[in-house]
Amino acid sequence: MTAVEPAAELVVTDIAVGGMTCAACARRVEKKLGKLAGVTASVNLATGLARVSHPADVAPDSLVAAVEQAGYQAALPVREDEEESAAADGEEAESRRERERLTVTALLAVPVLVLSMVPALQFRDWQWLCFVLAAPVAVWSAWPFHVRALRGLRHSTATMDTLVSLGTVASFTWSAYALFLGGAGGPGMRMSFSLLPAASDGGAHLYLEAAVSVPLFVLTGRFLEGRARRGTGAALRSLAELAAKKVTVRDELGERPIPIERLRVGQTFVVRPGERVATDGRVTRGTSAVDLSLVTGESEPVEVGPGSALVGGAVNAGGLLLVAATAVGADTRLARITRLVTEAQAGKARAQRLADAVAGVFVPVVLALAVTVLGFWLGAGADPQAALTACVAVLVVACPCALGLATPTALMAATGRGAQLGVLVRGPQTLEALQQVDTVVLDKTGTLTTGHMTVARVTALPGALGQEAVVRLAGAVEQGAEHPIGQAVTAYARRTGDAGPLPDVTDFAAVPGHGVSGRVDGLMIEVGAPDGRLPDELATALTAAEAAAHTPVLVRVDGRAEALIAVGDVLRPGSYRAVDRLRRLGIRPVLATGDRAAPAGAVAAALGIEEVHARCAPEGKAALVRELRRGGARVAVVGDGVNDAAALAGADLGIAMGSGADVAIGAADLTLARGDIEVLVDAVRLARRTLGTIRANLAWAFGYNVVTVPLAMVGLLDPMVAAAAMSASSVLVVANSLRLRGWQPSGARGRAHGTYGTRGTRGGKAVVR
């Protein structure tokens, strides 16, 4: 019996690839890497990154060598800070070179275009001046295209640069022939111009306008395209810029600034007003308001104090804070967010894989068509100039660039915008799945509700004390209690009024199962479960609390019932809006919780959810998901706890609350960074808009070539017009994708200006107020 060899361990390496100009280039790099044993690669034209999965025994250097053998530059990632600096410097230098080349090209090409297109301006020997101006454009300006075309020829491949180079060389060579040997160099030569090509007399027609317009328009298009593509990664760069470079630590040696790399977990650092929080931590001293908008998308500042968790990258908008570091480096939440966005932008959607497959054979097909068109027109007895015009137009107008950019630029813009809004996706497949979801299974605790005990309502009898005073008396007694209900009452009392610290308690006593009592300011205060007959107003409040599945707490002052406090896990502020908007989007909400039927039913009634599954164990939630999927539903699961991990992993799409457990976030495909269920609606709408943008881009990219290539083949497209159209097609696709950067959730203005109401319960019934 032959032993089965264990599968080699696979690792993933990112390689920066330079010199790619179209989807055919990306496809070529993928095929070259795929020839190595056990290696698969996904190359993203928009980011210039190759994500390579390979056996551990395949050295990364051999991957770099394979890319270089294909005729492209390649480099392994360096340390993050070096990489950011090098990338920024490289982008700036490349942009400067492109701008200089484009400026010189325009200065040389514009006079040639004007003289060629306006016969009235054609003076004696004008054609020789145009030839002198066109020569550096055809050689120096188009040099990058020539070099990449020759490099491809050495590797028996062809790319978009091959088409541009051939079109430029053919136009300029014919013009040189016409000038020196074809009779176009005479002093009295005149040349008319038409956007539709026409046969001319003998060899007196020049194509210098095509020889300069092809490099000019392609360089212009790629310059604009490059700027736009860099714009799609702006969100990712803004995330990287949030990371601090230095931090002020405080220890027995005093305060001193140190590089962020030297900070260790447990060390205390200082965050002054206006400063950015250096890393994840927990406040040990001080209170302040913290702006988390650049990390979670939440515009409202969050109040923090001792014990509050802080996220690195947040801005301290208030007082001085002392913070103990809880995570550093790659373990911080900001680093995880950046990593998720980077991985999402490196992936490929199904539509992109189809476009890449087409682009892989596109250029060879275009070359074959150009040769066929030239032979056909010459064989049919057409004027050589007309045949050449059709051939050059076919070479120049074909554009696989738009195919290669249609999907990745949209995904880059969408994932970056999603990160700004607090929506973190693992990859393009997540957006595709989210767009198709028709059923969402919602956890209750921590997802639709806050996940911790909170005072939901206080009902106090009219009297001399007043509601605020009664609450503060109850909170003072509960200070000594460890029960979550008592802690909720105390926390609520501290937030109520401006009377300063809660008063001291004497004669404190706790009765298990009943409550606590103590003397405050000379009054005997008892806080516990209701018993005996209650005044009508408090009895009504008790009935409402029980109907809402809240825990009722009765406050007695000197033996007289004064107030009833309803405590429970209350709904998140945006839960009703989220469920209502999901329903409007055609998505059916289902509530599945491990909690009892009464609280589950109360939450479902408040939110208008008809299908409820209470007392669901983790296995039960996973079984529910399987059952729904067997029924044909496309299911998303939203959860935040360890008990949700199995259901998240088994759904078509797992969605984790950013405030939830790490295991839930790890099992999910999408994370709602700010822990607000309403962000899910934004995510669905962003996914639908993104897929719509991708479809529009691909429709344009395919449709453009389907229309323009036949026009060029039959001689109805001038090479200059073809060059302009080809460049415009790529710029249009990128510009359409860039619109996603400014996408706004429909409820953003409503939330900002308070046009949405909140939903609560009154007497066990859902009410809007």
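These are my notebook entries on what I looked up in this structure, which is a predicted model.

**Entry 1: confidence**

I began with the confidence of the prediction, and I found a mean pLDDT of 78 for the chain, with 80% of its residues reaching 70 or more. I then looked up two stretches of low confidence. Over residues 1-6 the pLDDT stays under 50, and the model gives this stretch 0 contacts beyond four places in sequence. Residues 199-203 also have a pLDDT below 50, but here I noted 10 contacts beyond near neighbours in sequence.

**Entry 2: an open sheet**

Next I followed an open sheet of 6 strands, which I wrote down in the order β6-β5-β7-β13-β8-β11, with antiparallel pairing. Which strands stand at its edges? They are β6 (254-259) and β11 (309-310), and each has a single partner strand, so one side of each is left without a neighbour in the sheet. At the β6 end I looked up the pairing with β5 (residues 246-251), where 6 bridges join the two antiparallel strands. Within this pairing, I noted that arginine 250 has glutamate 255 of β6 as its bridge partner.

**Entry 3: strand β21 and its partners**

I turned to β21 (residues 560-568) and asked how many of its residues are buried. The count is 8 of 9, which makes this strand mostly covered. I found that β16 (residues 454-460) runs antiparallel to β21 and is joined to it by 6 bridges, and that valine 458 stands opposite isoleucine 565 in β21. Strand β20 (residues 551-557) is likewise antiparallel to β21, with 7 bridges between them, and proline 552 stands opposite alanine 566 of β21. I also recorded that β20 and β21 form a hairpin with 2 residues between them, and that aspartate 558 in the turn has a positive phi of about 55°.

**Entry 4: nonpolar cores and helix α25**

I then looked up the largest nonpolar core, which has 67 residues, and those with the most contacts inside it are Met20, Leu33, Leu448, Ile655 and Leu680. Helix α25 (residues 679-713) gives the most to this core, with 9 residues. To see one core member in its surroundings I followed leucine 33, which, leaving aside neighbours within four places in sequence, is in contact with Val39, Ala41, Ala50, Val52, Leu63, Ala66 and Val67. A second, separate core has 62 residues, including Leu102, Leu115, Ala134 and Leu163.

Last, I went back to α25, whose 35 residues reach 51 Å from first C-alpha to last, close to the 51 Å expected at 1.5 Å a residue. Just after α25, I noted that glycine 715 takes a positive phi of about 80°.

Notes: Residues numbered from 1 in each chain as written. Predicted model: local features only at pLDDT ≥ 70, side-chain atom pairs only at ≥ 80, totals over all residues. Heavy atoms only, no water. Pairing = 2+ DSSP bridges. Helix = DSSP H or I, 4+ residues; strand = E, 2+ residues; numbered from the N terminus. pLDDT = per-residue confidence, 0-100. Contact = heavy atoms within 4.5 Å. Core = buried A, V, L, I, M, F, W, Y, C linked by side-chain atoms within 4.5 Å. Buried < 20%, exposed > 50% of the residue type's maximum accessible area, 1.4 Å probe, protein only. Expected span 1.5 Å × (residues − 1).
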